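User: Please take a close look at one part of this model, the nonpolar core. Set it in the context of the whole chain.

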Amino acid sequence: MAGSGCAVKGGCPTDYIAIAIASLLFILLLVRFILPFVVHKVPRTKGSGFWIPVIQVFASFNLLLSLVLSDNFLKFQRRRWWQSCYIWGVWIEGPLGFGLLMSCRIAQAFQLYYIFVRKHLPPIRSYVFLPLVLMPWLIAATFIQVMRPLNDRCHMRVHWIIPFLFLHVVYVASLVGFMAAIRHIEFRFDELRDLWQGIIVSSSSIGLWVFAYLLNEIHDDISWLQVASRFLLLVMGGILVLVFFSISSSEPLLSQISLRKREPKEFETMGQALGIPDSGLLLRREPTPVIDPNEPLDKLLLNKKFRHSFMAFADSCLAGESVHFFEEVHEHGKIPVDDHVRRIYMARHIIEKYIVAGASMEVNISHRTRQEILTTSNLVHPDLFNNAINELMQLVKMNLAKDYWSSMFFIKLKEEASMRATGHELEQMGWNFSPRWSSVHCADDPFHDEQFSKGSEHSSHDLDP
C-alpha cells in the first residue's frame, strides 16, 4: 500500500531518481550554452542568434519543472493558487514549455530557409514570428483553462488528450517540413546534418515521451504504471531538451564553435572559417610597396600591409569599425559569384556584425543605405555593400586619413618598407644574412633562436595585397 500511496501523492524513490537525472541533464544544457562564451570567448550577439537560445534554455527549464510539479513527483498539497494544475500542467508545460521550445526551433528553421533558399533576410523579424508561431498554444491553453477538464491529479480524459497531442505532432511536422525544404543546401558547417540527427533523436524521445504521457494520463488507477510512466516521462523530457539544444542553431556563423570540436585548427575570422583564399595569411617574402599619400584611399587599402597599419591606427583612435568593415567586404569579394552558400555566410556575418542597428561594430552609414542592405532581395549580389563602402570612405578621408599620414603608424610602415628595400638590394648583390641562407646550421648557430623569433615577429606583420 505504501507504493500505492506514493504513486498517488508522490515522493517515491524512483521519483527522486528521475528528478536527479533531469537536473543533471539540465545542468549539461546550461554548460553547453555557457561554455562557448567562457572558454572560446565567443562574442555575444544582440540579435536572435543569442536570445533564441536563451529562450530555449528558459523553455527547457519550464518544461522540466512543470512535469515535476504537475505529475505528482513531490509530495505536497495544492493549497495555494500558484500550485494549481492549470498553471503548471497547462500554461507552464504547454505554451511556456514544449510549445515555446518547438516554436524557437521552427523560428530558426524559418530563418535558414529564407536566408539560404530564398537568398534574402526573413520578411518577419524573429521577435514577431516567434509569438505568431506560439499563438496556437496560447489559444489551446486558454480553452483548457475555461473548460477546466483536469481532475485533482492534473489528468485529463482521453477525448481531451488526443487533440492536445495532435498539437505536439503538428509542430514537430512543421519543423521537419522546413528541414526538408533546405535539404539540398550544401551547408559549410554541417548544420543540415546536425539538424536531421537532432530531429531523429528528438522524434524518438517525443515518441517515448508521448507513450509515457498517455500511460500516465489514462491508466491513473494502476499504481506501478503511474510510477514507471512518470519516471520515463521526466527522463525523456530531460533528454529531449538537451538534444534539442545541442543540435545546430539558426546562427551558423557561430558554428566555428562546432568546427573547433571537429578540426584541430582554430579560425580567428569568418574568412578563414569559410576557406577564403589568403584570408588572414601572412607572406614572409612579400615586398612592402611604396605608399603614395596622393593615391585614392580605397586603392591603398587593397594592399593588406597598408590596410592593417591603417586599421591599427584607426583602432587606437577607437574608430576602427569602418576599416574592419572594408576588410571583411574585401574578403567577401574574393568568393566566386557562383558560390552562393559561402557568399551568403559572409554577407550575413557582415550584416550581423556591422549593419544591424546595435551591432557589436555598427558602422556609421545613412539610414537609406542600411535599409537597402537589410531589405535586399539577393544576399549574393556582388554590389551589396558598395554604397556603404563609398559612404564610409568619404568619412574616413575627412577624418582618419588626414591624421594617419603624420602618425607613428605610417612612419613605422615607411621604415619597414625602407628596411625591406635595403635588404632586397643586398640580396641582389649576393649579401644575404637570413637564417635560411646562413652557412651555420640551425643546431650549431647560437643565435638561431633569436634570429628565428625575430624573423617570425617580422613575418607576422607581412601582409599580402
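How many helices and how many strands make up the secondary structure of the protein chain? And which residues sit at the centre of contacts in the largest nonpolar core?

Analyst: This is a predicted model. The secondary structure of the protein chain comes to 20 helices and zero strands. Of its 465 residues, 46% count as buried. Take the contacts in the chain with a separation of 6 or more: residues 24 or more positions apart account for 73% of them.

Now the core. The largest nonpolar core holds 110 residues. Those touching the most other members are Phe116, Leu234, Phe306, Phe310, Phe325, Ile355 and Phe385. Helix α5, residues 94-117, gives the most to this core, with 13 residues.

Phe310 shows how one such residue is surrounded. Leave aside its neighbours within four places in sequence. Phe310 is then in contact with Leu297, Leu301 and Val323. It also contacts Val396, Leu400, Ala401 and Tyr404.

Phe116 offers a second view. Its C-alpha lies 8.8 Å from that of Tyr345, though the two are 229 residues apart in sequence. Tyr345 belongs to helix α15, residues 340-355. Tyr345 has a relative accessible area of 0%, so it counts as buried; the cut-off is under 20%.

Follow the chain past α5. Lys119 lies in the loop between α5 and α6. Its phi is near 65 degrees, a positive value in a residue other than glycine. Most residues other than glycine have a negative phi. Lys119 is partly exposed, with a relative accessible area of 23%. Arg148 also has a positive phi, near 55 degrees. Arg148 sits in the loop between α6 and α7. Arg148 is partly exposed, at 48% relative accessible area.

Earlier in the chain, helix α3 covers residues 48-70. Its 23 residues reach 31 Å from first C-alpha to last, close to the 33 Å expected at 1.5 Å a residue. Just after α3, Asn72 takes a positive phi of about 60 degrees.

Last, the surface. The chain exposes about 23,900 Å², and carbon and sulfur atoms supply 63% of that. One nonpolar patch on the surface is formed by Ile27, Val31, Ile34, Leu35, Val38 and Val39. Together they have about 510 Å² of accessible area. Val38 lies in helix α2, residues 13-38. Val38 is partly exposed, because its relative accessible area of 47% falls between the 20% and 50% cut-offs. An α-helix has 3.6 residues a turn, so residues three or four places apart point the same way.

How values were computed
Residues numbered from 1 in each chain as written. Predicted model: local features only at pLDDT ≥ 70, side-chain atom pairs only at ≥ 80, totals over all residues. Heavy atoms only, no water. Core = buried A, V, L, I, M, F, W, Y, C linked by side-chain atoms within 4.5 Å. Buried < 20%, exposed > 50% of the residue type's maximum accessible area, 1.4 Å probe, protein only. Helix = DSSP H or I, 4+ residues; strand = E, 2+ residues; numbered from the N terminus. Contact = heavy atoms within 4.5 Å. Expected span 1.5 Å × (residues − 1). Areas by Shrake-Rupley, 256 points an atom, 1.4 Å probe, with all protein chains shown as cover. Patch = residues over 30% accessible without salt bridge, like charges linked within 9 Å, V, L, I, M, F, W, Y side chains within 5 Å. Salt bridge = Lys/Arg side-chain N within 4 Å of Asp/Glu carboxyl O.
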